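Trainee: I would like to go through the labels used for this model and see what each one rests on.

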Amino acid sequence: MRIAVVGGGPGGLFFAALMRQTDPSAEVTVFERNRADDTFGFGVVFSDRTLEAIHEADPVLRGALTAHGRHWDEIEVRLKGERVRCGGNGMAAVVRRTLLLLLQERARDVGAELRFSTEVTLDSLDDYDLVVAADGTGSKIRDALGPQLGTEVETAAAKFIWFGTDYLFDGLTFVHERGPDGVFAVHGYPISDSVSTFIVETDEASWRRAGLDEFDVTQPPGASDLKSKEYLEKLFAEQIEGGRLLTNNSRWGNFRTRRTRHWHTLAPRPVALLGDAVHTAHFSVGSGTKMAMEDAVELAGALAGHPGDLPAALAAYERTAQPSVRKIQDSARPSLAWWEHFGRYHDAFEPWQFAYHFLTRSIGDARLARRAPEFVGSSHDGWIAAHGSEPLATPFTSARWSTPGRLVDIVTDTEGTPVAVRGDADLPLSADAVAGGWGALVKAPDTEAGLPGVFARLAGLHGPDGPELVAVHGGTPLTRTLVCERARMRERVPALSIVPESDRDQALTTVLSGRADLVGVAR
């Protein structure tokens, strides 16, 4: 079999090596449009818990991380002059260029041919039995296949830019600063003994106020935004102890989440796609390179398991590889949403609650406690110091209604619509209560596209004639959370999240994190 791999990133190179290991008779050629030592970005990061399948397939990544990488166990959150640490988060990072050179060496050692500075198209690869598209988010192979793949793309509202820095972080560190133009945040982590990755995010309004929208984005790849570099060096000077930011094609963008229904085609010729060419997940979950390399493992295994039967092999590849990617993308969406709204959390929370809110954006209290019992214990202590009791046992009192705890019963009508909340007396809920009255019942939208309309309805709720609380039902866990947070943080009205079934751990997480004031379950 003759296989053309388009793209010499980690996914394409790892697949080439695995395919040659699995089937030495296969002729594998990697085509990369850039030179062998070209790379954009700085480092790649991996979670210890997620590398088993990659290490089992080939030890090249383990060797790279051991010999050249940096490892840490704690995440640090910096906010308002405080530093909050959370253990149990074993991770490692390595310089991207170092990893690529080691993967190139491994692919050559097992007999793959690597052609750099070579641009190819789908039409120029007619002589190959299979084309593997590993050419990244701007994949020309994917685009040439048209709409048959069923691709959906969502563009995030937050702006981000990727730098390095000569300041050495201890481990994965999140830094948040409110400057004269707005709130900016950093994802920083060490990738060598002298360099750290330094990714900055902000909202579009802050970005424009700071005048960072002036860079000419039509410039060819390679040119970096030096005005933003200087602005951010000054803003974060204290946090990086006067260190320098390092550029490498550093320019602002909006993260694009790509979901694709079909990862292969048989016509006009057999093509399999892997990595960013077919799916992306926000970099805050640190899984982009890992997912690409796992795709390579699954594709090589499927081809080896179905010799001479490409249709069966490619179908098997989709069945085995897609579920784990969907799971990561599902957890990445609330993480991405957190970064779209972090300015609100920066202003609303004390550092301990801010850190807890951040670290529970995709997991619950119990799971986090298994990883980091001291951090979770100190978060509970922070709540108790402020309220006098554990979160769900904390009384809630408003002008005309109270309840002894934060997990409450919801009364529904015959159609299942919430009509009241149990407490010292039933608190009526009504969709008409938005303009005043007891409790305002608000339905969360099924998608984030419906949020602006709901937010408009919430506007102006606070005041002497406003409702006792906003009860939010329906929608998805993410949209319910965003509506609750909008009500309590923007409109200053207590929020009750009505969930479809009882989950005490999730209710605890919701209240302790400040996502809602109360959680209600229909009984």
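Trainee: In which sense do strand β12 and β13 pair, and over how many bridges?

Mentor: This is a predicted model. Strand β12 (residues 182-190) pairs with β13 in the antiparallel sense, over seven bridges. One of the pairs is Val-186 with its bridge partner Val-200 in β13. Five residues form the hairpin connection from β12 to β13.

Trainee: Which strand does β13 also join through seven bridges?

Mentor: Strand β10 (residues 151-165), and the two run antiparallel. There, Phe-163 stands opposite Phe-198 of β13.

Trainee: Why is β13 called largely enclosed?

Mentor: A residue counts as buried under 20% relative accessible area. In β13 (residues 196-202), seven of the seven residues are buried, so the strand is largely enclosed by the rest of the structure. In a regular strand the side chains alternate between the two faces of the sheet. In β13 both faces are covered, with Ser-196, Phe-198, Val-200 and Thr-202 on one side and Thr-197, Ile-199 and Glu-201 on the other.

Trainee: What makes β3 largely enclosed?

Mentor: Five of the five residues of β3 (residues 43-47) are buried, so the rest of the structure largely encloses the strand. Gly-43, Val-45 and Ser-47 point one way, Val-44 and Phe-46 the other, and all are buried. β3 is joined to strand β7 (residues 91-95) by five bridges, running antiparallel, and Ser-47 stands opposite Met-91 of β7.

Trainee: Why is Pro-24 called exposed?

Mentor: The label exposed needs a relative accessible area over 50%. Pro-24 has 54%, and is therefore exposed. Pro-24 sits in the loop between α1 (10-22) and β2 (27-31).

Trainee: What surrounds that loop in the fold?

Mentor: α1 lies across β1, β2, β8 and β9 (130-133), and runs at about 170° to β2. β2 is joined to strand β1 (residues 2-6) by five bridges, and these two run parallel. Ala-4 stands opposite Thr-29 in β2. Both strands belong to an open sheet of six, ordered β8-β2-β1-β9-β17-β16, with mixed pairing.

Trainee: Why do β8 and β16 stand at the edges of that sheet?

Mentor: β8 (113-115) and β16 (264-265) each have a single partner strand, so one side of each is left without a neighbour in the sheet.

Trainee: How do you know that α3 is oblique to α4?

Mentor: Helix α3 (residues 60-68) and helix α4 (residues 96-109) pack at an angle of about 140°, and their axes are 10 Å apart. Roughly antiparallel would take an angle over 145 degrees, and roughly perpendicular one of 65 to 115. The angle fits neither class, so α3 is oblique to α4. The crossing of α3 past α4 is right-handed. From α3, Val-60, Leu-61, Ala-64 and His-68 make the contact, and from α4, Thr-98, Leu-99, Leu-102, Leu-103 and Arg-106. By class these residues are six nonpolar, two polar and one charged.

Trainee: What makes α11 and α16 oblique to each other?

Mentor: Helix α11 (residues 351-359) and helix α16 (residues 504-513) pack at about 140°, with axes 9 Å apart. With the bound for roughly antiparallel at over 145 degrees, α11 and α16 are therefore oblique to each other. Their crossing is left-handed. Trp-352, Gln-353, Tyr-356 and His-357 of α11 meet Thr-509, Val-511, Leu-512 and Ser-513 of α16. This contact divides into four nonpolar, four polar and no charged residues.

Trainee: How do you know that α11 is mostly covered?

Mentor: Eight of the nine residues of α11 are buried. Among them are Phe-354, Ala-355 and Phe-358.

Trainee: Which strands make up the closed barrel?

Mentor: Seven strands, running β20-β21-β22-β23-β24-β25-β26, with mixed pairing. Neighbouring strands there are turned by 35° against each other on average, direction ignored. Four bridges link strand β25 (residues 495-499) with strand β26 (residues 518-522), and these run parallel. Leu-518 in β26 is the bridge partner of Leu-496. Helix α14 (residues 451-458) packs on the sheet, touching β23 (439-443) and β24 (469-473), with its direction at about 170° to that of β23. Helix α15 (residues 477-490) lies across β23, β24 and β25, and runs at about 165° to β25.

How values were computed
Residues numbered from 1 in each chain as written. Predicted model: local features only at pLDDT ≥ 70, side-chain atom pairs only at ≥ 80, totals over all residues. Heavy atoms only, no water. Axes fitted to C-alpha atoms, helices over the stretch in contact; angles between N-to-C directions. Parallel < 35°, antiparallel > 145°, perpendicular 65-115°, else oblique. Left-handed = near helix turned anticlockwise from the far one by under 90°. Contact = heavy atoms within 4.5 Å. Nonpolar A, V, L, I, M, F, W, Y, C, P; charged D, E, K, R; others polar. Pairing = 2+ DSSP bridges. Buried < 20%, exposed > 50% of the residue type's maximum accessible area, 1.4 Å probe, protein only.
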